[in-house]
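Grab a pencil and work through these short exercises with the model open beside you. Each one has a task and then a solution in steps.

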Amino acid sequence: MTSPLLTPYEGPRMKLRNRIAMAPMTRGRADDATGVPHPLTRTYYAQRASAGLIVTEGLWPHVLGKGGPGVPGLVTDAQVAGWREVTETVHAAGGTIFAQLWHVGRMTHPLNLPGGATPLAPSPVRIEGEPIYTGEGDVEHVTPRAMTTAEAEATVADFAAAARNALRAGFDGVEVHGANGYLVQQFLAENTNRRTDRFGGSRAGRLRFALDVVEAVAAEVGAGRVGLRISPHNPENEIAEEDPQGTYRALVDALDPLGLAYLHVIERGAYEALSDLRPRWSGTLIGNFNGPDPTSQEAGEAAVAAGLADVFSFARHFIANPDLPARFATGAPLAAPVRSLIYGGGGEGYVDYPAAPPPQPINTEHPAANAPAYD
Ligand SMILES: Cc1cc2nc3c(=O)[nH]c(=O)nc-3n(C[C@H](O)[C@H](O)[C@H](O)COP(=O)(O)O)c2cc1C
């Protein structure tokens, strides 16, 4: 039986060769001074172009949204030119590629920012636990500065400008990163949004920034080229959402009429986001599970077969298996990545994971030839 992940997908605004998306993954290999992608980034994504959809690693729409060393941007002409080479290579390989727009808000450090700037966030709520990785190693978080209303509006405009740059760079669309405790989710969550202006103060206020960003980006590039990634109730990066059902139902209800390319839902934690939100979303839904182990083929298949998602995204398995869809099709074993080479560096641990060898034809004339060789 063909895996449901391997069947083509044709939704309201998305047509994909299969239902396997490569989920966004930061790899930290851009030139840290310029934010231009590494020359091998085009090879890395082209090797993975058999995914129905590639969503790039997060790209900053403003340098104050940069989360760590080697994170690329989508602001300058040089960055756009670098990404154009990536999209051309992926398209030549038959792939579809969206750029993820990622502003980290409080999840950065003056050591990661130009001029030692203080990170901006909805409210001055500091991360107390895990230290943050910088060019000078792991350090304690600083207290972020609350954006003024004008700064929040300017940041909305930064997302729209980056989306415009994405089209200049040849991307098929953009995904707004509204997940995993970064800026957009910091506005959505009760514990990180203590504002009293129109970007806070009530549920409608907490939703405002996400809605403004998506609407501004859609006005710039067309709603059919815009996806939004959310991770309801995900406690990552010290987010505490008191009422994920209320928040995300309201968000999805407000967004559904816009006709976006897709909604990308990460399910993690007690709230069953996929089953709760699927019936409220009439467009394409991409599912993702973020558990301690890389999501298995079977888990993605079950979600698609149950109608909880149209497409399923995989991250960690794509690191060492550039031909993941082919391996799902043939049952070829999955390779494990070298953990120390995930972030930063060059081609090693990036573009040197081979595709699986093609399955050997069975020799029916000389069955002994099929026996494994031990010498
Ligand atoms: C190395 C690495 C980098 C990641 N970077 C991003 C990112 O830039 N943006 C994002 O939305 N999620 C990011 N994620 C989360 C993944 O997209 C995904 O949600 C998570 O790994 C669960 O999927 P999996 O079980 O298939 O790995 C990252 C995950 C990993 C392992």
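**Exercise 1.** What is the length of the polar contact that joins the side chains of D276 and Y271?

*Solution.* Before we start: this is a predicted model, where local features need pLDDT of at least 70, side-chain atom pairs count only at pLDDT 80 or more, and totals for chains, interfaces and linings use all residues. Residues are numbered from 1 along each chain as its sequence is written, and side-chain values use heavy atoms, with hydrogens and water left out.

- Step 1: find D276 in helix α7, residues 273-277. Helices (H or I, at least four residues) and strands (E, at least two) are DSSP runs, numbered from the N terminus.
- Step 2: look from D276 to the side chain of Y271; the polar contact between the two is 2.6 Å. A polar contact is a pair of N or O atoms within 3.5 Å; within protein, one must be able to donate a hydrogen and the other to accept it, and residues adjacent in sequence count only if both atoms are side-chain atoms.
- Step 3: check the cover. D276 counts as buried because its relative accessibility is 13%. Buried means under 20% relative accessible area, exposed over 50%, and partly exposed in between (1.4 Å probe, protein chains only).

**Exercise 2.** Find the residues that come nearest to the ligand, then look at its polar neighbours.

*Solution.*

- Step 1: there are 20 residues around the ligand, and T26, R229, T295, A315 and R316 come nearest. To be near, a residue needs a heavy atom within 4 Å of the molecule.
- Step 2: take R229. An N or O atom of its side chain sits 2.7 Å from a ligand oxygen.
- Step 3: now T295, where a side-chain N or O atom is also 2.7 Å from an oxygen atom of the ligand.
- Step 4: add H177, with a polar side-chain atom 3.0 Å from a ligand oxygen.
- Step 5: how much of the ligand does the protein bury? Taken alone, the ligand exposes 610 Å², and the protein buries 91% of that. Areas come from the Shrake-Rupley method with a 1.4 Å probe.

**Exercise 3.** Starting from R229, see how far away A299 is.

*Solution.*

- Step 1: A299 is in helix α8, which covers residues 297-305.
- Step 2: R229 and A299 are 70 residues apart along the chain, and their C-alpha atoms are separated by 19 Å.
- Step 3: is A299 buried or partly exposed? It is partly exposed, because its relative accessible area is 24%.

**Exercise 4.** Compare two loop residues with positive phi, N180 and H233.

*Solution.*

- Step 1: N180 isn't a glycine, yet its phi is positive, near 55°. Likewise, H233 is not a glycine and has a positive phi of about 70°.
- Step 2: place them. N180 belongs to the loop between β10 (173-178) and α4 (183-188), while H233 is in the loop between β11 (226-230) and α6 (244-255).
- Step 3: check the cover. N180 counts as buried because its relative accessibility is 10%, whereas H233 is partly exposed at 27%.

**Exercise 5.** Describe the surroundings of T56, P119, D212 and A261 in turn.

*Solution.*

- Step 1: T56 lies in strand β4 (residues 53-59) and, at 0% relative accessibility, counts as buried. Its side chain reaches the backbone nitrogen of Q100 at 3.0 Å.
- Step 2: P119 is in the loop between β5 (97-101) and β6 (120-121), and is buried with a relative accessible area of 1%. P119 and T143 are 24 residues apart in sequence, but 7.9 Å apart in space, C-alpha to C-alpha.
- Step 3: D212 is part of helix α5 (residues 203-221) and counts as buried at 14%. The C-alpha atoms of D212 and A157 are separated by 9.2 Å, with their places 55 residues apart along the chain.
- Step 4: A261 is in the loop between α6 and β12 (262-267). It counts as buried because its relative accessibility is 0%. From A261 to G291 is 30 residues in sequence and 26 Å in space, C-alpha to C-alpha.
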